[in-house]
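Me: I would like a close look at one part of this model, namely its buried interior and the helices that build it. Please take me through it in one connected account.

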Amino acid sequence: MLNQPELGNYIRTHRKMSGLTQVQLAEMVGVGKSVIYDLEKGKETVRLSTLVKILSGLNIKVKLQSPLDQSL
């Protein structure tokens with residue numbers, strides 16, 4: 001499970017690998033540059049809808065996993 005700083009580093013790494021600046025990513029997904037900056041720095045309060053936009057913009061998929069899934 002990722003913590004906030006790890007998630008921020010993961011996003012920063014993928015953004016840079018994609019050749020995008022923070023401003024370019026922010027414009028592409030429709031958020032402010034400060035949102036990208038804060039997220040990459042490990043800010044703990046980010047809206048789920050905003051995080052989904054950013055992850056989608058970077059083509060990062062999220063897999064939900066639970067021990068309860070095995071019983072379904």
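Reply: What follows goes from the nonpolar core to the helices around it, then to two charged residues and a pocket.

The model is a predicted one, and local features are described only where pLDDT is at least 70. Its largest nonpolar core has 14 residues, and those with the most contacts inside this core are I11, L25, I36, L51, I54 and L58. Two or more residues of the core come from each of the helices α1, α2 (22-29), α3 (33-40) and α4 (48-57). In soluble globular proteins, nonpolar side chains tend to be buried together.

Helix α4 is a good place to begin, and its buried residues are T50, L51, I54 and L55. Seen down the axis of α4, these residues fall within an arc of 130 degrees, and they therefore line one face of the helix. An α-helix has 3.6 residues a turn, so residues three or four places apart point the same way. The buried residues of α4 pack against α1, α2 and α3. L51 can be followed individually: leaving out residues up to four places away in sequence, L51 touches L7, I11, L39 and V46. Beyond the helix, α4 is followed by N59, which has a positive phi near 60 degrees.

Helix α2 can be described in a similar way, with Q22, L25, A26 and V29 as its buried residues. They cover an arc of only 100 degrees around the axis, which puts them on the same side of α2. The partners of these buried residues are α1, α3 and α4, against which they pack. Just after α2, G30 takes a positive phi of about 80 degrees.

Two residues with charged names deserve separate attention, and the first is R15, which lies in helix α1 (residues 4-17). R15 has a relative accessible area of 7%, and because this is under the 20% cut-off, R15 counts as buried. A polar atom of the R15 side chain lies 2.9 Å from the backbone oxygen of L20. Not counting residues up to four places away in sequence, R15 touches L20, T21, Q22, L25, I36, E40 and L58, and this list includes L25, I36 and L58, which are among the core residues with the most contacts.

The second is E40, found in helix α3, which counts as buried at 3% relative accessibility. Leaving aside neighbours within four places in sequence, E40 is in contact with G8, N9, I11, R12, R15 and Q22. R15 and E40 are therefore in contact with each other, and both are buried. Q22, a buried residue of α2, appears among the contacts of R15 and also among those of E40.

E6 offers a contrast within helix α1, since at 38% relative accessibility E6 counts as partly exposed. The C-alpha atoms of E6 and V29, which are 23 residues apart along the chain, are separated by 21 Å.

Finally, the largest pocket has a volume of about 480 Å³. Of the 15 residues that line this pocket, the closest to its centre are L2, L7, L55, V62 and K63. Helices α1 and α4 each supply at least two residues of the lining, and the largest share, four residues, comes from α4. L55 is thus listed both among the buried residues of α4 and among the lining residues closest to the pocket centre.

Conventions: Residues are numbered from 1 along each chain as its sequence is written. Side-chain values use heavy atoms; hydrogens and water are left out. Buried means under 20% relative accessible area, exposed over 50%, partly exposed in between (1.4 Å probe, protein chains only). A polar contact is a pair of N or O atoms within 3.5 Å; within protein, one must be able to donate a hydrogen and the other to accept it, and residues adjacent in sequence count only if both atoms are side-chain atoms. Contact means heavy atoms within 4.5 Å. A nonpolar core is a set of buried Ala, Val, Leu, Ile, Met, Phe, Trp, Tyr and Cys residues joined through side-chain atoms within 4.5 Å. The arc is that of the directions from the helix axis to the C-beta atoms. On a 1 Å grid over the protein atoms alone, a cavity is a set of points where a 1.4 Å probe fits but cannot get out, and a pocket is an open set with protein on both sides within 12 Å along at least five of seven lines; lining residues have an atom within 4 Å of a point. Grid points are joined across faces, edges and corners, and a volume is the space filled by probe spheres set on the points.
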